[in-house]
Amino acid sequence: MDNNFTRRDFIKISAAATAGAVTLGSGLMASPHGDPNFSLPLIPYDYKALEPHIDALTMEIHHSRHHKAYVDNLNKLCSDLHIHDPSLDNIIKNISKFPAGVRNNGGGHWNHSFFWTVMKPNGGGVPTGRIADAINTSFGDFDKFKELFNEAAKSRFGSGWAWLVKTTDGKLAIGSTANQDNPLMDISDFKGSPILGLDVWEHAYYLKYQNKRVDYVNAWWNVVNWDVVAGRM
Ligand code: MN
């Protein structure tokens, strides 16, 4: 296996620039000494803080079991494969060089670390400023943007994610990825730098919404943290 990941390059996923925004935290970086040691990042709000839109039990299981499992599995895989001092960003960008387990669990860790930051209690509403301008330029208006994003979330068959990304030419684009893939992965058909993402795996909504993914997606707009999304522009 090509193993170029011994360098100690702690690339951080760009932190949101706005006041009060949260970073993805050190969980995306390996331990600076020795073996890989990715860690479960704290969520910057209580499990119950997103109610009634996302219920506390779903948040708790999603974070403390699902996300934790991705972290634990990723650490074990990196250890077994002798991937020392990896940067998750580098792994994700070169994911085609790794086994499927790294793709699933590395993607799972990246995606969930990102997901917690783009939500907040009393979020939602309509964005303003530069992000609003970019949305209007790319999609016509905010309602049309939401319609297209909802369609991406709804039409992703099975498990996956819907994304708003910034493309290499600086424009915004909407798409989706399967399983725990994301638009930063070299194997992804849909590429870009994520600025908003929505988990549409059933584990993200089934306790409260059962099979009604559309209801979950509609409710989720009420917890979007537009300050963080704008910061990722
Ligand atoms: Mn999930």
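The following exercises, with worked solutions, concern a predicted model.

**Exercise 1.** Identify which residues coordinate the manganese ion, and state the spacing of the donors along the chain.

*Solution.*
1. The donor atoms are NE2 of His62, NE2 of His112, OD of Asp199 and NE2 of His203, at 1.9 to 2.1 Å from the manganese ion.
2. Along the chain these donors follow the spacing H-x49-H-x86-D-x3-H.
3. Two of the donors, His112 in helix 3 (residues 100–117) and Asp199 in strand 3 (residues 193–199), link distant parts of the chain, being 87 residues apart.
4. His112 has 0% relative accessibility and therefore counts as buried. Asp199, also at 0%, counts as buried.

**Exercise 2.** Check the end-to-end span of helix 1 (residues 56–80) against the value expected at 1.5 Å a residue, then locate its kink.

*Solution.*
1. Helix 1 has 25 residues. The expected span is 1.5 Å times one less than the number of residues, so helix 1 should span 36 Å.
2. The end C-alpha atoms of helix 1 are 35 Å apart, which agrees with that value.
3. The helix nevertheless has a kink of about 30 degrees, centred on His62. His62 is also a donor to the manganese ion.
4. Past the end of helix 1 comes His82, with a positive phi near 60 degrees.

**Exercise 3.** Determine which residues of helix 1 are buried and what covers them.

*Solution.*
1. The buried residues are Thr58, Met59, Ile61, His62, His63, His67, Tyr70, Val71, Leu74, Asn75 and Cys78.
2. An α-helix has 3.6 residues a turn, so residues three or four places apart point the same way.
3. The buried list includes His63, His67, Tyr70, Leu74 and Cys78.
4. The cover over the buried residues includes helix 2 (88–93), helix 3, strand 3 and helix 6 (206–209).

**Exercise 4.** Classify the ring pairs Phe145–Trp221 and Trp220–Trp221, and place them in their cluster.

*Solution.*
1. The whole structure holds 16 aromatic pairs. In one of them, Phe145 and Trp221 lie 5.7 Å apart centre to centre, with 75 degrees between the planes. Planes over 60 degrees apart count as edge-to-face, so this pair is edge-to-face.
2. Phe145 belongs to helix 5 (residues 142–155), whereas Trp221 is in the loop between helix 7 (213–220) and helix 8 (226–231), 76 residues apart.
3. Trp220 and Trp221 are 5.1 Å apart centre to centre, at 55 degrees between the planes, and form a tilted pair.
4. Phe145 is buried at 0% relative accessibility, Trp221 is buried at 5%, and Trp220 is buried at 0%.
5. Phe139, Phe142, Phe145, Phe149, Trp220, Trp221 and Trp226 make up one aromatic cluster.

Conventions: Residues numbered from 1 in each chain as written. Predicted model: local features only at pLDDT ≥ 70, side-chain atom pairs only at ≥ 80, totals over all residues. Heavy atoms only, no water. Phe/Tyr/Trp six-rings, centres within 6.5 Å; stacked < 30°, edge-to-face > 60°. Helix = DSSP H or I, 4+ residues; strand = E, 2+ residues; numbered from the N terminus. Buried < 20%, exposed > 50% of the residue type's maximum accessible area, 1.4 Å probe, protein only. Donors = N, O, S within 2.8 Å, 3.2 Å for Na, K, Ca; no water. Bend = angle between axes of the 7 residues up to and from the residue. Contact = heavy atoms within 4.5 Å.
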